[in-house]
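Hi,

Here is the structure I said I would pass on. Have a look at it first, and then read my notes below.

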Amino acid sequence: MRKMREVGVEVGIVLPTIRQAEIIYEANEIARVGGGHPKAYREVACLYLSVLEEKDPFTLSDLSEASDLDNSGIYRVSEDIRDRLCLTIEPQTPQRFVNRYIDQLNEKYQACLGRETYEVATSLVEQESVRSPVSIAAGAVYVGAQVENKRVTAAQVAQIANIDPRTVRGAADEISEKL
């Protein structure tokens with residue numbers, strides 16, 4: 001379970017979430033689920049399932065980047081483990097990422113985003129979209145910062161969300177059209 005711990009520590013996942021991932025991994029091994037997948041993928045997939053269960057604000061991309069494993073492989077293995085162990089985990093929603101992005105923008109760029117940005121962003125993420133939860137939250141925070149007249153660029157939001165600035169602008173445009 002070395003890979004799981006290394007990735008968890010590198011990404012900044014709290015110890016209780018890593019311990020839960022270890023329990024999922026052990027249950028996986030006892031049940032002999034996912035045996036056809038490489039061990040590194042099984043470990044990181046269990047970490048991903050634990051992150052989802054605990055509603056920690058980390059994405060599949062965060063884990064993929066830290067582990068040097070591809071997103072689709074981690075996702076496939078996590079779905080296989082989840083299905084075979086009959087785990088019930090709520091899907092990721094954009095609301096889960098709004099606080100994280102605001103906090104990181106304030107810390108990294110001294111953006112001084114406040115309650116108004118949070119309220120605007122959380123109300124905007126409730127709109128229906130075909131975009132990923134990460135891009136919706138990023139676009140909503142970007143629009144919220146503009147409403148609050150704070151100087152935050154799409155590139156800054158993109159860096160925090162680990163996505164392309166064009167994705168932030170596209171999501172922001174989509175959200176703005178619905179206002």
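To start somewhere specific: in which helix is Ser-50 found? The answer is helix 3, which covers residues 39-54. Keep in mind throughout that this is a predicted model. Ser-50 has a relative accessible area of 0%, so it counts as buried. Its side chain still has a polar partner: it reaches the backbone nitrogen of Ala-21, at 3.4 Å.

Next, the aromatics. In general, two numbers describe a pair of aromatic rings, the distance of the centres and the angle of the planes. There is one aromatic pair in the structure, and it is made by Phe-97 and Tyr-101. The ring centres are 5.9 Å apart and the planes are at 20° to each other, which puts the pair in the stacked class. Both residues belong to helix 6 (residues 95-109), where they sit four residues apart, or about one turn of the helix. As for the surroundings, Phe-97 counts as buried because its relative accessibility is 1%, and Tyr-101 counts as buried because its value is 0%.

On to the cysteines. How many disulfides does the structure hold? Zero. Take Cys-46: the closest cysteine sulfur belongs to Cys-86 and is 15 Å away, so a bond is ruled out by distance. The cut-off for a disulfide is 2.5 Å between the sulfur atoms. Seen from Cys-86, the closest cysteine sulfur is that of Cys-46, again at 15 Å and too far for a bond. The surroundings of the two are worth a look as well: Cys-46 is buried, at 0% relative accessibility, whereas Cys-86 is exposed, at 64%.

Last, the empty space. Rolling a probe the size of a water molecule over the atoms shows where such space is left. Searching the whole structure turns up one cavity of 30 Å³ or more, and the largest cavity holds about 60 Å³ of space. Which residues line the largest cavity? Here they are:

- Leu-124, Gln-127, Glu-128, Ser-129 and Arg-131 are among them.
- Ile-136, Ala-171, Glu-174, Ile-175 and Lys-178 are also part of the lining.

By type, the lining has four nonpolar, two polar and four charged residues. Helix 10 (residues 165-177) contributes the most to the lining, with three residues.

That is what I have for now.

Cheers

Key: Residues numbered from 1 in each chain as written. Predicted model: local features only at pLDDT ≥ 70, side-chain atom pairs only at ≥ 80, totals over all residues. Heavy atoms only, no water. Phe/Tyr/Trp six-rings, centres within 6.5 Å; stacked < 30°, edge-to-face > 60°. Helix = DSSP H or I, 4+ residues; strand = E, 2+ residues; numbered from the N terminus. Buried < 20%, exposed > 50% of the residue type's maximum accessible area, 1.4 Å probe, protein only. 1 Å grid on protein atoms, 1.4 Å probe; cavity = no way out; pocket = protein on both sides within 12 Å on 5 of 7 lines; lining within 4 Å. Points joined across faces, edges and corners; volume = space filled by probe spheres on them. Nonpolar A, V, L, I, M, F, W, Y, C, P; charged D, E, K, R; others polar. Polar contact = N/O pair within 3.5 Å; in protein donor to acceptor, adjacent residues only side chain to side chain.
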